[in-house]
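Let's take a walk through this protein together, one piece at a time. Have the sequence and the 3D view open as you read.

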Amino acid sequence: MDRLRNMEVFRAVVEAGSFAAAARQLDISAVMVGKHVQQLEAHLGARLLQRTTRRQSLTEVGRNFYEDSRQVLEQLRWAESAVERSRSAPQGLLRISAPVTLGNHVVAPLVADYQLAHPQVRVDLLLSDGMADLVGENIDAAVRIGPVGGDGLVARPLAPYRMVIAAAPAYLRRRGQPRSVADLARHDCLSYAVWQRRSEWILRDGDASAPWPDEARLRCNSGESLRHAAVRGLGLILQPQVLLADDMAAGRLVAVLQDCVPLPRPVHLVYLPDRRQLPKLAHFVEHMLRALGAA
């Protein structure tokens, strides 16, 4: 029995709130999560979690064991990092988190280049538009879009995240060029369904501002799918520049309303202060700053 792995899984269950959430975080099945917890309870001879079909809660023994095991796992991580800091060449496992679109089109190629230069480093690249918990998910570095809060992380600025409004030449020949945000009401717009009021991009219209139109010919939760629709001439699209750059360079899409695009958002590479001396992380940070230093 791998007792440390059992403790890691138990901690993930407690912090994620359910077996299913812990399974997604650890990239294993919920059944396997249950087996780890059962093995741990059998070894300790005590129930750690009270489980029903609707909820789970820690027993008193479980609450005490969680606090103790969390400290043990943190001490283990620190001991392992001390060994890594003593090595000059980057090696070991590097866990990186990044948003989906920026991760696919920018971070993933840079990670591949980094690994070619440092073949002893293994990488877990986790792409999600959610906010990764660097401590709870044992993440070495995360790329974040938007303001960085005062949560004790080291934040290194990268190139800003810019948006583009674009359409296929065939669509513009058929429907004409929009000249202002008001013109969007007379155009077919493609909408990204994931945006919410707290995270949507606001268009600039002189001294005024406006959201991307609610009425959409196509609404989808995938920017890549919207890109395909725009290239085929279905309508106007508002998406990140990194997603549309190749299509614009090839002439498949044409930028419009360039004075109306939302203001760019800051991007940072963040990591915990106690990890900055790890060769694998230090070299990765340098690699990212060389490629994406704020501009």
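Before we look at any strands, one term needs settling: two strands count as paired if DSSP finds at least two bridges between them. Keep in mind, too, that this is a predicted model.

With that in hand, start at strand 14, residues 265-271. Strand 5, residues 141-145, is joined to strand 14 by four bridges, and the two run antiparallel. To find your place in that pairing, look for Val-143, which sits opposite Leu-269 of strand 14. Strand 14 also pairs with strand 6, residues 154-161, again in the antiparallel sense, this time over six bridges. A handy marker here is Ala-155, whose bridge partner in strand 14 is Val-270. Is strand 14 mostly covered or mostly open? Mostly covered: five of its seven residues are buried. While you're looking at strands, here's a handy rule: in a regular strand the side chains alternate between the two faces of the sheet.

Now step back for the overall view. The protein chain holds nine helices and 14 strands. Its C-alpha trace spans about 75 × 50 × 35 Å along the principal axes. The chain has 295 residues, and 42% of them count as buried. Look at contacts in the chain with a separation of 6 or more, and 73% of them come from residues 24 or more positions apart.

Let's go to the early helices next. Two packed helices are described by the angle between their axes and the distance between the axes. Helix 2 (residues 19-26) and helix 3 (residues 30-44) pack at about 105°, and their axes are 8 Å apart. Angles of 65 to 115 degrees count as roughly perpendicular, so that is the label for helix 2 and helix 3. Which residues of the two helices meet? From helix 2 come Phe-19, Ala-22 and Ala-23, while helix 3 brings Ala-30, Val-33, Gly-34 and Val-37. Sorted by character, the residues of this contact are six nonpolar, one polar and no charged.

Stay with helix 2 a moment longer. Its buried residues are Phe-19, Ala-21, Ala-22 and Ala-23. Besides helix 3, these buried residues pack against helix 1, strand 1 (49-51) and strand 2 (56-58). Just after helix 2 comes Asp-27, which has a positive phi, near 60°.

Further along the chain you'll meet strand 3, residues 92-98. Five of the seven residues in strand 3 are buried, so this strand is mostly covered. Strand 3 pairs with strand 4 (residues 121-127) in the parallel sense, over seven bridges. Try finding Ala-98, whose bridge partner in strand 4 is Leu-127.

Next up is an open sheet of five strands. Its order is 11-8-12-7-13, and the pairing is mixed. Strand 11 (218-220) and strand 13 (254-255) are the edge strands, each pairing on one side only. Within this sheet, strand 7 (residues 163-167) and strand 12 (residues 236-240) pair antiparallel over four bridges. Ala-166 stands opposite Ile-237 of strand 12. Helix 8, residues 241-249, lies across strand 7, strand 12 and strand 13, and it runs at about 120° to strand 12.

Finally, let's look at the aromatic rings. How many aromatic pairs does a search of the whole structure find? It finds three. One of them joins Phe-10 and Phe-65: the ring centres are 5.8 Å apart and the planes are at 55°, so the pair is tilted. This pair links distant parts of the chain, with Phe-10 in helix 1 (residues 3-16) and Phe-65 in helix 4 (residues 60-85), 55 residues apart. Why do both rings' residues count as buried? The cut-off is under 20% relative accessible area; Phe-10 counts as buried because its value is 0%, and Phe-65 because its value is 18%.

Tyr-161 and Trp-201 form another tilted pair, at 6.1 Å centre to centre and 40° between the planes. Here too distant parts of the chain are linked: Tyr-161 belongs to strand 6, and Trp-201 lies in the loop between strand 8 (189-192) and strand 9 (202-205), 40 residues apart. Tyr-161 is buried, with a relative accessible area of 9%, and Trp-201 is buried as well, at 5%.

Note on methods:
Residues numbered from 1 in each chain as written. Predicted model: local features only at pLDDT ≥ 70, side-chain atom pairs only at ≥ 80, totals over all residues. Heavy atoms only, no water. Buried < 20%, exposed > 50% of the residue type's maximum accessible area, 1.4 Å probe, protein only. Axes fitted to C-alpha atoms, helices over the stretch in contact; angles between N-to-C directions. Parallel < 35°, antiparallel > 145°, perpendicular 65-115°, else oblique. Contact = heavy atoms within 4.5 Å. Nonpolar A, V, L, I, M, F, W, Y, C, P; charged D, E, K, R; others polar. Phe/Tyr/Trp six-rings, centres within 6.5 Å; stacked < 30°, edge-to-face > 60°.
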